Structures are given as C-alpha cells and as structure tokens.
Amino acid sequence: MTTKKLLLQACKDNVEKRITDYRNEMALLAEAIENNDKESEDGDGGNGKLLNDLEKNAGYLNEALKTRDFLAQINPNSTHTTAALGSIVKTESIVFYLSTSVGQIEIENEIYYAISLQSPIGMLLKGKSKTDSFTFNDKKYTVVDIL
C-alpha cells in the first residue's frame, strides 16, 4: 500500500472512531434521559444538561459524518505539482498531508501531519509548488517536494 493510501486510511480510521464514539455517547445519554424520565415526578428529571450534551454530540456526529464524506473525495492515486487536497507536502522540516485535521500520523517511521486545507497552515500551503516558501508562526518553510 502506498504512503498516500496509508495516510488516507489513517484519517478515515480516525473519523470512523469518532463517529462510533459519538454514537455510543448519544446512546448512553438517551438511556440516561429515559431512566430519568421514569424516575422523575416533576417532568424534567434534570434532563436539561443531558439533552444539551445529546445535542452537542449530535452536532459533533454530523461534523464527523461530513468529514467522512469529504475524505471520500480524495484520490490517493492522484499526483500533484501544487499543494492540493490529498497532497503530501514535504518541507525541509515537516511533512504535511492535506486532508483533514487529524494531527500527527506515523507511517513507516516517518512523521506526517494531517491538516485541513481550511486550517491556517493549510491555507498557506494551498497552491504552493516545489521551492515555494511560506511563513507560519514566525518560522519560514520551503516546499522541497509535493507528492
């Protein structure tokens, strides 16, 4: 399996775990709300916070589902001459994978940083070519390769 395929799979695995975690949390919250309703005589049963948590998790789940759909757009077999979605961008000090914000991923003893194109550094990288430079947090980076 190519490095791009491994990176994409790592991102997908991360998102699938988040989806599972949110669904599990929502099931626990729904069960707690149901149990509170059965035990309560005043109607609310203290469910306000539980309902708020359930709503928050539903929002997080929705975002994770959108991220999963977004990752499905990435073709790991594509090649790039400029930094774009699905690119591996090597600088002299850091290697970025332009996909979704997952953070550090280790593949075959090399560290990659999976970042979103909408992140501050992703926006700086977008469209960059080999030998282009950019500055982020007062540090200058030069693109040495794009895969």
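1. In which sense do strand E3 (residues 103–107) and strand E4 pair, and over how many bridges? In this predicted model, E3 and E4 pair in the antiparallel sense, and five bridges join them. Within this pairing Ile-107 stands opposite Glu-110 in E4. The hairpin that E3 and E4 form has two residues between the strands, and there Glu-108 takes a positive phi near 50°.

2. Strand E4, which covers residues 110–116, also has a partner in strand E2 (95–99). Here the two strands run parallel and are joined by four bridges, with Tyr-97 standing opposite Ala-114 in E4. A general point may help when following these strands by eye: in a regular strand the side chains alternate between the two faces of the sheet.

3. A second group of strands involves E6 (residues 139–146), to which strand E1 is joined by three bridges in an antiparallel arrangement. In that pairing Lys-90 stands opposite Asp-145 in E6. Strand E5 (residues 133–136) likewise pairs with E6 in the antiparallel sense, over four bridges, and there Thr-135 stands opposite Lys-140 in E6. The hairpin of E5 and E6 has two residues between the strands, and Asn-137 takes a positive phi near 50° in it.

4. Turning to the helices, H2 runs over residues 47–71, and its length can be checked by simple reasoning: at 1.5 Å a residue its 25 residues should span 36 Å, and because the end C-alpha atoms are 36 Å apart, the expectation and the model agree. The buried residues of H2 include Asn-47, Leu-50, Asp-53 and Asn-57, and further along the helix Leu-61, Ala-64, Thr-67 and Leu-71. These buried residues pack against helix H1 (3–39) and against strand E2 (95–99).

5. Asn-62 also has its place in helix H2, but this residue is partly exposed, with a relative accessible area of 37%. Its C-alpha atom is separated by 14 Å from that of Asn-24, although the two residues are 38 residues apart along the chain.

6. For residues 12–39, the UniProt record (an unreviewed entry) gives the feature "coiled-coil region". In the model the chain over residues 12–39 is 100% helix and 0% strand, and the end C-alpha atoms of this stretch are 41 Å apart.

7. The count of aromatic pairs comes to two. In one of them, Tyr-22 and Tyr-60 have ring centres 5.6 Å apart and planes at 40°, so the pair is tilted. Because Tyr-22 lies in helix H1 and Tyr-60 in helix H2, the pair ties together parts that are 38 residues apart in sequence. Tyr-60 counts as partly exposed, since its relative accessibility is 44%.

8. Phe-134 and Tyr-141 form a stacked aromatic pair, with 5.2 Å from centre to centre and 15° between the planes. Both Phe-134 and Tyr-141 are buried. The ring of Tyr-141 also has the charged end of Lys-139 sitting over it, 5.1 Å from the ring centre.

9. What lies in the loop between H2 and strand E1 (88–91)? Thr-79 is found there, and this residue counts as exposed because its relative accessibility is 72%, where the cut-off for exposed is over 50%. The C-alpha atoms of Thr-79 and Lys-140 are separated by 25 Å, and the two residues are 61 residues apart along the chain.

Definitions and conventions:
Residues numbered from 1 in each chain as written. Predicted model: local features only at pLDDT ≥ 70, side-chain atom pairs only at ≥ 80, totals over all residues. Heavy atoms only, no water. Expected span 1.5 Å × (residues − 1). Buried < 20%, exposed > 50% of the residue type's maximum accessible area, 1.4 Å probe, protein only. Contact = heavy atoms within 4.5 Å. Pairing = 2+ DSSP bridges. UniProt positions renumbered as here; feature names shortened; annotations may be inferred. Phe/Tyr/Trp six-rings, centres within 6.5 Å; stacked < 30°, edge-to-face > 60°. Lys NZ or Arg CZ within 6 Å of the ring centre and 35° of its normal.
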